[in-house]
Amino acid sequence: EIPATNLLPLSKGLKSPLQCLNHARYGIAWGVLGAAAACFEEARDYSARRIQFGKPIAAFQLVQRKLALMLTELTKGQLLAWRLAQLKASGRATPVQISMAKRNNVAAAIDIAQTARDILGGVGILDEYQSFRHMANLESVKTYEGTDDMHLLILGEHITGFPAFA
């Protein structure tokens with residue numbers, strides 16, 4: 001048993017640490033969008049400069065498709081985080097919504113970083129470009145403050161009403 005003098009003031013059991021997790025996950029949902037935006041911009045700018053077969057690679061259909069998909073996912077992540085910010089500001093954001101935003105935005109950011117590295121081709125792993133660094137960093141973000149699978153279990157319980165935590 002823990003003496004009362006060792007308890008956090010105003011703390012109610014596990015609620016306080018779990019609230020801290022929610023704040024961290026909320027911050028991650030926003031933070032990964034910055035990395036994703038940097039990767040998108042780097043890929044867009046590089047593809048406009050990189051000449052292949054007499055024209056910028058940005059003029060090729062496949063590169064345009066990749067950039068369009070990257071921007072779409074980035075925008076969806078921004079909208080999700082923005083709506084979550086509105087809910088949080090009004091005191092209505094739930095842990096389930098925060099888990100959804102963290103999981104979705106991390107996955108989208110990883111995909112955007114990988115696609116950016118792909119557009120950069122062989123130079124995408126060089127230090128002068130940031131996409132590879134972001135890609136590696138985002139892989140670690142995927143596991144802290146709850147793994148992708150953990151967030152799916154949180155969402156699954158919310159959807160079905162059945163906890164599936166082992």
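**View 1. Ala101 sits in helix α3 of this predicted model.** Ala101 has a relative accessible area of 0%, so this residue counts as buried. Leaving aside residues up to four places away in sequence, Ala101 touches Ala29, Leu80 and Leu84. Look also for Tyr26: 75 residues separate Tyr26 and Ala101 along the chain, yet their C-alpha atoms are 7.4 Å apart.

**View 2. The largest nonpolar core brings together 28 residues.** Good places to start exploring are Val32, Leu67, Met70, Ile112, Ile119 and Leu138, which have the most contacts inside this core. Two or more residues come from each of α1 (15-49), α2 (61-89), α3 and α4. Helix α1 gives the largest share, with 10 residues. Zooming in on Ile119, and not counting residues up to four places away in sequence, you will find Ala43, Tyr46, Ser47, Ile57, Val63, Lys66, Leu67 and Met70 in contact with Ile119. Another core, of five residues, lies apart from the largest one; Tyr26, Ala29, Ile98 and Ala101 are among its members.

**View 3. Helix α4, residues 131-141, has five residues to pick out: Ser131, His134, Met135, Leu138 and Val141, which are buried.** Why do they sit on the same side of α4? They cover an arc of only 115 degrees around the axis, and this places them on the same side of the helix. As a handy reminder, an α-helix has 3.6 residues a turn, so residues three or four places apart point the same way. Leu138 is worth a second look here, as one of the residues with the most contacts inside the largest nonpolar core.

**View 4. Lys102 is a buried charged residue without a salt bridge.** This lysine belongs to helix α3, which spans residues 95-120. Which side chain of opposite charge is nearest to Lys102? That is Asp148, 7.2 Å away. A polar atom of the Lys102 side chain does lie 2.8 Å from the backbone oxygen of Gly146. Not counting residues up to four places away in sequence, the surroundings of Lys102 are made up of contacts with Arg25, Ile28, Ala29, Val141, Lys142, Tyr144, Glu145, Gly146 and His151.

**View 5. Asp148 and Arg103 meet through their side chains in a salt bridge, at 3.2 Å from N to O.** Asp148 lies in helix α5 (residues 148-160) and Arg103 in helix α3, so this pair ties together parts that are 45 residues apart in sequence. Arg103 has a relative accessible area of 22%, which means that this arginine counts as partly exposed. The structure holds four salt bridges, and the next view turns to two more of them, Lys76 with Glu73 and Arg44 with Asp45.

**View 6. Lys76 pairs with Glu73, and Arg44 pairs with Asp45, each in a salt bridge.** Side chains of opposite charge can pair when their charged atoms come close. For Lys76 and Glu73, the N to O distance is 3.0 Å. These two residues are three residues apart in helix α2, so about one helical turn separates them. Both ends of this pair are partly exposed: Lys76 has a relative accessible area of 46%, and Glu73 has 27%. In the other pair, Arg44 and Asp45 meet with an N to O distance of 3.1 Å. Arg44 is partly exposed at 37% relative accessible area, and Asp45 is likewise partly exposed, at 35%.

Key: Residues numbered from 1 in each chain as written. Predicted model: local features only at pLDDT ≥ 70, side-chain atom pairs only at ≥ 80, totals over all residues. Heavy atoms only, no water. Buried < 20%, exposed > 50% of the residue type's maximum accessible area, 1.4 Å probe, protein only. Helix = DSSP H or I, 4+ residues; strand = E, 2+ residues; numbered from the N terminus. Arc of directions from axis to C-beta. Lys, Arg positive; Asp, Glu negative; His and termini not counted. Polar contact = N/O pair within 3.5 Å; in protein donor to acceptor, adjacent residues only side chain to side chain. Contact = heavy atoms within 4.5 Å. Core = buried A, V, L, I, M, F, W, Y, C linked by side-chain atoms within 4.5 Å.
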